[in-house]
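Subject: The structure I promised you

Hi,

Here is the structure we talked about, ready for you to open. Have a look around first, then read my notes below.

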Amino acid sequence: MKILVAGGAGYIGSRLVPNLLDHNYDVTVVDNLWFGNQLPEKAKVIKKDIFELTAKDIEGFDRVLFLAGLSNDPMAEYSPAQNFISNASGPAYLAYIAKQGGAKRFIYADSCSVYGYAVNKFYDEEAPVTSSYPYGISKLQGEFGAMQLADENFSVICLRQGTVSGYSPRMRLDLIVNTMYKCAKVDKEITVNNPSIWRPILAISDAVKAYIRAIQATEEISGVFNVASANYTVGQVADIIWEHFKNNLNQKVKLNIKNIQDFRNYKVTTKKAREVLGIDFSGSVESILEELDKNCGDDFDYQKDNYYNIKVFKNLDK
Ligand SMILES: NC(=O)c1ccc[n+]([C@@H]2O[C@H](COP(=O)([O-])OP(=O)(O)OC[C@H]3O[C@@H](n4cnc5c(N)ncnc54)[C@H](O)[C@@H]3O)[C@@H](O)[C@H]2O)c1
């Protein structure tokens, strides 16, 4: 099977693409390489913006994955106009040419951020979507743009991912567990802006499983799926990391608890993804920490600009 992964040189792609190659899929990555290229040499990588692709470029591909765009709130707020172009029009355009070019399925890296500030109950895929900030709005627009193209000959699967964390060769330290791990390690202090806020966390190992299941699912399946390893409050995440450093690494970390209002708060159910796509979520904050311990040893450079999306993004303007 031939798979095109747009944005495949990013954080999720750099774990997913090697895994797809191990499954013997024929993979081509199209990426503008904002964060360089840490993919294995045998991966076919084309340095290109997705808006330069046409339906002709898609011919022969069975699956097209969208992992591109601006991937967090700070980037979206720094450049709201580019955010709406990249995250709303980007998936719609790629899905459009994927369908024109004869691909059978489009898979969209969606986000649970579409739920915005939810009331205190578990949200399934039918729950209201209420985000009022550029990133969340644009991810929802991208979902609409892709989903409306689904029909009996063209499947669309949108994976509404929780906040992903864990190790990737293209590392990000601006994602909740990774950030707190870095703060514990480097500053010996974790600041929690609001301990009561809920967040679904998706271990990157589970994210990879979700994309593989979405690639393999029978072609009649289309739809929107919440994907998360588990729901945690931000306070719970900090406590688990605090205990990990105390018990496993013998290091004392200070917890600095604040009470700053957040515009995101949601917890989600993943029953549909488990039952329809057969995704077996097995990650947890603890498994993410084990992975970080293994890969981010004493010589790991926590200050590298490349690990912080907003730093790289601001430099693109210069
Ligand atoms: N990481 C998370 O916690 C998370 C959670 C929910 C949703 N998502 C979504 O998953 C996707 C991947 O996230 P990530 O963490 O790997 O992000 P990332 O920023 O590490 O990777 C994005 C990649 O896309 C490329 N790219 C951006 N715009 C492009 C364009 N127009 N043409 C070609 N390449 C382009 C970048 O160079 C980069 O390599 C994003 O769409 C993001 O919104 C991520």
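Below is what turned up, going from salt bridges to helices to the surface. One thing to keep in mind is that this is a predicted model.

**Salt bridges**

The count comes to 14 salt bridges. Three of them are worth finding on your screen.

Start with Glu-291 and Arg-15, whose side chains meet in a salt bridge with N and O 2.9 Å apart. Glu-291 belongs to helix α10 and Arg-15 to helix α1 (residues 13-22), so this pair links distant parts of the chain, 276 residues apart. Are the two partners buried or exposed? Glu-291 has a relative accessible area of 16%, and since buried means under 20%, Glu-291 counts as buried. Arg-15 has 21%, which makes Arg-15 partly exposed.

Next, look for Glu-219 and Arg-63, with their closest N and O atoms 3.1 Å apart. Glu-219 sits in the loop between α7 and β11 (223-227), while Arg-63 is in strand β4 (residues 63-66), so this salt bridge ties together parts that are 156 residues apart in sequence. Glu-219 is partly exposed at 36% relative accessible area, whereas Arg-63 is buried at 2%.

The third is Arg-160 with Asp-110, where the closest N and O atoms are 3.9 Å apart. Arg-160 is in strand β7 (residues 155-161) and Asp-110 in strand β5 (residues 105-111), and 50 residues separate them. Both Arg-160 and Asp-110 are buried. Which residues join into one network here? Asp-110, Glu-143 and Arg-160 do, through salt bridges that share partners.

**Two helices**

Glu-143 leads us to helix α5, as Glu-143 is one of the buried residues there. Why can we call α5 largely enclosed by the rest of the structure? Because 10 of its 14 residues are buried. Among them are Pro-134, Tyr-135, Leu-140 and Ala-146. You can also check the length of α5 (residues 134-147): at 1.5 Å a residue, its 14 residues should span 20 Å, and the end C-alpha atoms are 20 Å apart, which agrees.

Try the same check on helix α7 (residues 204-216). Its 13 residues should span 18 Å, and the end C-alpha atoms are 19 Å apart, which agrees as well. The buried residues of α7 include Ile-204, Val-208, Tyr-211 and Ile-215. If you wonder about the spacing of residues along a helix, an α-helix has 3.6 residues a turn, so residues three or four places apart point the same way.

**Inside strand β5**

Go back to strand β5 and pick out Phe-106, which has its place there. Phe-106 has a relative accessible area of 0%, so Phe-106 is buried. If you want to practise with the distance tool, try Phe-106 and Arg-170: they are 64 residues apart in sequence, and their C-alpha atoms are 24 Å apart in space.

**On the surface**

Last stop: which residues form a negative surface patch? They are Asp-239, Glu-243, Glu-286 and Glu-290. The elements that give two or more residues to this patch are α8 (234-247) and α10 (285-295). Glu-290 is found in helix α10, and at 49% relative accessibility Glu-290 counts as partly exposed. Helix α10 is also where you met Glu-291, the partner of Arg-15.

Have fun exploring, and shout if anything is unclear.

Cheers

Conventions
Residues are numbered from 1 along each chain as its sequence is written. This is a predicted model: local features need pLDDT of at least 70, side-chain atom pairs count only at pLDDT 80 or more; totals for chains, interfaces and linings use all residues. Side-chain values use heavy atoms; hydrogens and water are left out. Patches are made of residues with over 30% relative accessible area and no salt bridge: like charges are joined within 9 Å, nonpolar side chains (Val, Leu, Ile, Met, Phe, Trp, Tyr) within 5 Å. Accessible areas come from the Shrake-Rupley method with a 1.4 Å probe; for residues, only the protein chains shown count as cover. A salt bridge is a side-chain nitrogen of Lys or Arg within 4 Å of a carboxyl oxygen of Asp or Glu. Lys and Arg count as positive and Asp and Glu as negative; His and the chain ends are not counted. The place of a charge is taken as NZ of Lys, CZ of Arg, CG of Asp or CD of Glu. Helices (H or I, at least four residues) and strands (E, at least two) are DSSP runs, numbered from the N terminus. Buried means under 20% relative accessible area, exposed over 50%, partly exposed in between (1.4 Å probe, protein chains only). The expected span of a helix is 1.5 Å times one less than its number of residues.
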